[in-house]
Structure formats: structure tokens, C-alpha cells
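Student: I should like to take a close look at one part of this protein. Please guide me through it step by step.

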Amino acid sequence: MNTKSRRVRQLAWVFAGFFIYLGGMEIALRVQQRLGPYYDLENPNFLSHYNKTSNLVNHTYIPETRYGFKYDQYGIRKSSPYPYYLENENPRMLFLGDSFMAGFDDKTTIPSYMWNRFQSTLADQPLAFLNAGCPSYSVVTYLIQAKYLIDVVKPTYLVVNIDEADLSNDVEADSQLIKDYSGKIVAHMASPKADMLDRMKKKFETQPLYLQRFATRLFTTQAVFPWLEELYERRVLDDQTARYFYVSRETIEKAQQLYAKEISLFRKNLQELADNIKASKFPPQKVVFSTHAHLQHFEPLDRGKVWNRLIARTIGEVAKTNGFSFYDGFPYMSRVFGDEAHQYYIPNDMHLNRKGLAAYANGLGEYLETAFFDKPNVQRQLSSDQK
């Protein structure tokens, strides 16, 4: 056998071994998928929480491995301690909001805590709770949600929880909005991040080989995600307070001077939300706008001073102008938290922890009992979660 033939045969063995190895890897990946899976190659949820089903509301959220969220076709949480609303005819209370409304696991959300409270305080008032809270939503999303959900799920009561970070989120989203001839917002286009991840999700789902999916998942989690984190989450501004709360961290006078345009945009969006609710023939007396406080409203952690309440005041003004009720959780939270406010928040994060969420829900529930059901005797006992 000449040298050339020997080399051809050697190369053939190398290629054969390589393809046998790939075939073995493919079989191994499929076996682990059936036995575990230990490294999921069928469910594309690893790509992110985003599941961009349309451009109507920018994004919806799919089940999360961490807390197991489950949403129905309308964006309403399905797995909850209270009965699923489509399975009963009780009057419906619809909750809109962002991550504060979405909460943690099913037992640790504002509607869940409120449901437990109402079992004793409103035992004679059957209700169905609908939690449409979704992380990263803001007023520009609520105004689209409200118009859509009031029509399809027919709520009796509406609670919209608005966070101070919604102002900055609205400002960032303004370039992604679709408006009609009169300037009204009709849809919220997908952000570049959501759009890119959606394309990657579709590519993952159409790859026939598990080896391809393995490579896609590995590359995405180890290379793409860190890049996105750097590009979108840490760009320009160096911390959460600077990015989301630039209005709150100044004095009211200075904030009004520096951020007049942003505050005006936020007020306009709030009014458009109110207009959409009223255009749906929803009774104003059955609408509550609510807001909560952040740790920096209680403790001077940001440049040695506490934050202002300008955004909360703006929300309240728009609510009252339109005949809605307004609940500012700050006074109740101040009374409950006392000098230990930091015990009610996740460390180094903007969000309330479980104890804080329970406290806020208890205060909001107490308010709704009066606003919606005319209960004269307001209870002020704390639940066991708050003690």
C-alpha cells in the first residue's frame, strides 16, 4: 500500500471516529433528556424570562424555573392559592403591576396575601383574583393591558400598582411605542433585547439535533447573556438608584427643574391609562391606583438623604383628577416598619422581601376594604408574616 492510500485510510478512520463520537454524544444527550433532563435541550425557557408573543405589550413571561410562574393566554397568573377565575362566576378583582405585583412564588404575592386576609375580613364577599403583574412592565404597558383585559376578562374591580421605577421605564420605552394619528399609544414594540432573544428561541426550537441545541445553549448562557448584561443592564449608569430613581433621589424642587420633561411624559402616560380605563366604561369608583415606598424613602442611604415622594404625589394627582381612589403605602409602611425598614427589603435590591411584601399587601388590603366595600372598621393587626 502506497503512502497516499495509507493517508487516505487514516483520514477515513479519523472522520469515521469523529462521526461515531458525535453520534454517541447525540444519543447521550437524548438519553439524559429522557432520564432527567439534567441539561434541558427541549425547553427554550433558559433563553430568558422573555416570551415575545406579539408586539402588543412588548413581552409576556413564561414559567420560570425559580418560582414556577404560570400564565394563561391573557397574561393572568394561573397557579395561585385562590381559585382560578375562569372556573367560577365571582366578582373579579384585576391587579396590574410589575415585579412587585408578580411577587415570588404563588403564596408570596400581593393578591395572595390579600386573598388570605379577605377570607376573614370579607368572608361574606366572594371574589376572584386575577394577577396580571409581570416583571419589567410599566405604565405604557398597563395602559395597553387595561384596555385589553377589561374587555376580555370583565373585572368588577381594578387595582393598578405603580412603582417609582415606572417613570424611568416609560422614558426608556418611549422610542419603542406605536401611536395612532392622535398620538395615543396602541402597542409597545419588542425591545432589542426581547426581539433578539425571541429569534434565538425560535432558532433553538427548530434545530433538529440535540448537539446543535447543546452548542446553542452553551454559547448563549456563557457568552451572550454576559454580553447582554453588560450592554443593557449596566450601560451608562452605574447603579439601580441612578438608572431607575433619578427623580426620587433629588429634592422635589431640583427634580422638577432637572427632569421636567420626564415627569411630564410620565404624567401624560398616567392620564392615558386613566383615559383607556374610562373609555372602557369602567366605573371610576372601582379603580385604585396604588404605590409603595422604597428603602431609601425611610433611610438616608443615597448620598446621605432620603428620597422625595414626587412620583407618588403625581400618581395621586392623576388618580384623583379622574375620580379614582389612590393608596400611598408610605404612611402604613412607616408605621409597620418603624426604625427597622431595612428588615423588609432584599439587601442591595429595590424590591421588598417576603416580609415587606406581606406588610404592603396588608395595608393595601385594608384600604381596599374601605374603598371598594365600605368597611367602617379598619383592621390594623399584622399578619404572622409581618411579625
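Student: At what angle do helix α10 and helix α11 pack, and how far apart are their axes?

Tutor: Please bear in mind that this is a predicted model. Two packed helices are described by the angle between their axes and by the distance between those axes. Helix α10 covers residues 260-279 and helix α11 covers residues 310-321. The two pack at an angle of about 35°, and their axes lie 10 Å apart. The crossing in which α10 passes α11 is right-handed. On the side of α10, the contact is made by I263, F266, R267, L270 and Q271. On the side of α11, the residues that make this contact are L310, I311, T314, I315, E317 and V318.

One of these residues, I315, leads us on to a strand. Beyond its neighbours within four places in sequence, F326 is in contact with I315, and also with A312, G316, A319 and K320. F326 belongs to strand β9, which comprises residues 325-328. The further contacts of F326 are F289, T291 and Y367. S290 should be mentioned here as well: its C-alpha atom is separated from that of F326 by 5.7 Å, although the two residues are 36 residues apart along the chain. Is F326 then to be called buried or exposed? Its relative accessible area is 15%, and because buried means under 20%, F326 counts as buried.

For a view of another helix, consider α5, residues 165-173, which is mostly covered. Seven of its nine residues are buried, namely A165, D166, L167, S168, N169, D170 and A173.

Methods. Residues numbered from 1 in each chain as written. Predicted model: local features only at pLDDT ≥ 70, side-chain atom pairs only at ≥ 80, totals over all residues. Heavy atoms only, no water. Buried < 20%, exposed > 50% of the residue type's maximum accessible area, 1.4 Å probe, protein only. Helix = DSSP H or I, 4+ residues; strand = E, 2+ residues; numbered from the N terminus. Axes fitted to C-alpha atoms, helices over the stretch in contact; angles between N-to-C directions. Left-handed = near helix turned anticlockwise from the far one by under 90°. Contact = heavy atoms within 4.5 Å.
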